[in-house]
Amino acid sequence: MLKIAVPNKGMLSEPAWNLLKEAGYKLRSNPRQLVVDDEANGIQLFYLRPLDIAVYVGSGMIDIGITGRDMLLNSQTEAVEQMSLGFGESTFCFAAPRDSDIVQIEQLEGKRIATSFDKIVADFLAEHHLNAKVVHLDGAVESSVQLGVADAIADVVSTGTTLRNAGLRIFGEPIVTSEAIVIRAPHVDEDDRDLVVFQRRLRGVMTAHSYVLMDYDIPLEHVEEAVAITPGFESPTVSPLHDSQWAAVRAMIPKDKMNTLMDQLYEVGARAIIITAIQASRM
Ligand SMILES: Nc1ncnc2c1ncn2[C@@H]1O[C@H](COP(=O)(O)OP(=O)(O)OP(=O)(O)O)[C@@H](O)[C@H]1O
Ligand SMILES: O=P(O)(O)OC[C@H]1O[C@H](OP(=O)(O)OP(=O)(O)O)[C@H](O)[C@@H]1O
Ligand SMILES: [Mg+2]
């Protein structure tokens, strides 16, 4: 049975659970359950702390995990990034008080930096030949400067609201650009059949969310122009209509482009353009 780790709490947990559920996997039935045996799908689902997932996967005790790229990079393990999941997007940045004189990374020399991600910060400092003291905190890192234990912080930023509320501002470039990812253990080959099936299922859900099915009728003489606008994945379906001067076309298109594409198709003569949501897919 393939062992898969999923966050039991935190920002990535709910989107990860929803993704697995839509991909047909069995979730836990109560919040105190730690492991789910999903025999029908040949997997065991382990609910673990987000920070620990890369540790289990890196050690090889768990085959696959869902975590954040920042957490993988911080974990000092052998786990390998396999696939991006397109949610949990964040950056990992340095920040200092708005009125502080720290405005560039060179000024971190000799300073105290509070963070929950010690390894990422230590690696960054070493790479930039800076000596600074890393102060480890488990969370709410934004409060550390005000409370006098650090001069600057390095933390996860999404909307920036938490930073602003703490009177901090970002300086320097983001150290890491993160999102939710699938990681695999070192012993799991990237072509491993179980991993490939798992990924295909997740991709199927992601595609069903980001693509829609488009149908339209088009005069025969404009089929080529229209098909160039909606090339689909492999190739669009073109079917004859009862009126032999017209054809019907069906193609998958990116959801965020559907209105632009409908306008373009209308311009080249398409009519009865309709969009249908995709319930599930395997690409
Ligand atoms: N506000 C956010 N928006 C998007 N992603 C975030 C946000 N906060 C954290 N993340 C990402 O979620 C992942 C897990 O972090 P999270 O803060 O949820 O875990 P945690 O700190 O262990 O849990 P908790 O904060 O509940 O103790 C990380 O990869 C991080 O980049
Ligand atoms: O830029 P924002 O949208 O404000 O989000 C960023 C905040 O979200 C996370 O905090 P979390 O709620 O996980 O608390 P924690 O610091 O205790 O981990 C992160 O550590 C930041 O503090
Ligand atoms: Mg957190």
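Helices and strands are here DSSP runs, a helix being H or I over at least four residues and a strand being E over at least two, and both are numbered from the N terminus. With that in hand, A140 can be placed in the loop between β8 and β9, in what is a predicted model. A140 has a positive phi of about 45° although it is not a glycine, and such a value deserves attention. Most residues other than glycine have a negative phi. As for its surroundings, A140 is partly exposed because 13 other C-beta atoms lie within 10 Å, where a residue would need 20 or more to be buried and 12 or fewer to be exposed.

A second residue of this kind is Q76, whose phi is near 55°, again a positive value in a residue other than glycine. Q76 sits in the loop between α3 and β5, and, having 13 C-beta neighbours inside 10 Å, Q76 therefore counts as partly exposed.

The two loops lead to two sheets. One is an open sheet of six strands with mixed pairing, in the order β2-β3-β1-β4-β11-β5. At its edges stand β2 (35-38) and β5 (80-84), each with a single partner strand, so that one side of each is left without a neighbour in the sheet. From one strand to the next the twist in this sheet averages 25°. The edge strand β5 pairs with strand β11 (residues 180-184) in the antiparallel sense, over four bridges, and within this pairing V80 has R184 of β11 as its bridge partner. Strands of a sheet pair through backbone hydrogen bonds, either parallel or antiparallel.

The other is an open sheet of five strands, also with mixed pairing, whose order is β8-β7-β9-β6-β10. Here the edge strands are β8 (133-136) and β10 (168-178), each of which pairs on one side only, and the twist averages 25° from one strand to the next. Inside this order, strand β6 (residues 90-97) and strand β9 (residues 152-157) run antiparallel and are joined by five bridges, with T91 standing opposite V157 in β9.

Where does the shell around ligand 1 draw its residues from? At least three come from each of domain 1 (2-88 + 179-190) and domain 2 (90-177). Of the 16 residues around the ligand, those that come nearest are G10, M11, G68, S90 and S158. Among the elements of the chain, α2 (50-59) and α3 (69-74) are those that give two or more residues to this shell. By residue class, the shell around ligand 1 divides into six nonpolar, seven polar and three charged residues.

The last part of this walk concerns residues 208-279, which an unreviewed UniProt entry annotates as "domain: Histidine biosynthesis HisG C-terminal". Over residues 208-279 the chain is 28% helix and 40% strand, and the C-alpha atoms at the two ends are 6 Å apart. Within this stretch, strand β12 (residues 211-219) and β15 run antiparallel and are joined by five bridges, and D217 stands opposite R271 in β15. Strand β15 (residues 271-277) is hardly covered, since the count of buried residues among its seven residues is zero.

Key. Residues are numbered from 1 along each chain as its sequence is written. Chains are lettered from A and ligands numbered from 1 in the order in which they are written. This is a predicted model: local features need pLDDT of at least 70, side-chain atom pairs count only at pLDDT 80 or more; totals for chains, interfaces and linings use all residues. A residue is near a molecule or strand if its C-beta atom, placed from the backbone, lies within 6 Å of it. Ala, Val, Leu, Ile, Met, Phe, Trp, Tyr, Cys and Pro count as nonpolar, Asp, Glu, Lys and Arg as charged, and the others, Gly among them, as polar. Domain bounds come from an automatic or database domain assignment. UniProt positions are given in the numbering used here, feature names are shortened, and annotations may be inferred rather than shown by experiment. Two strands pair if DSSP finds at least two bridges between them. Axes are lines fitted to C-alpha atoms, for helices over the stretch in contact, and angles run from 0 to 180 degrees between N-to-C directions.
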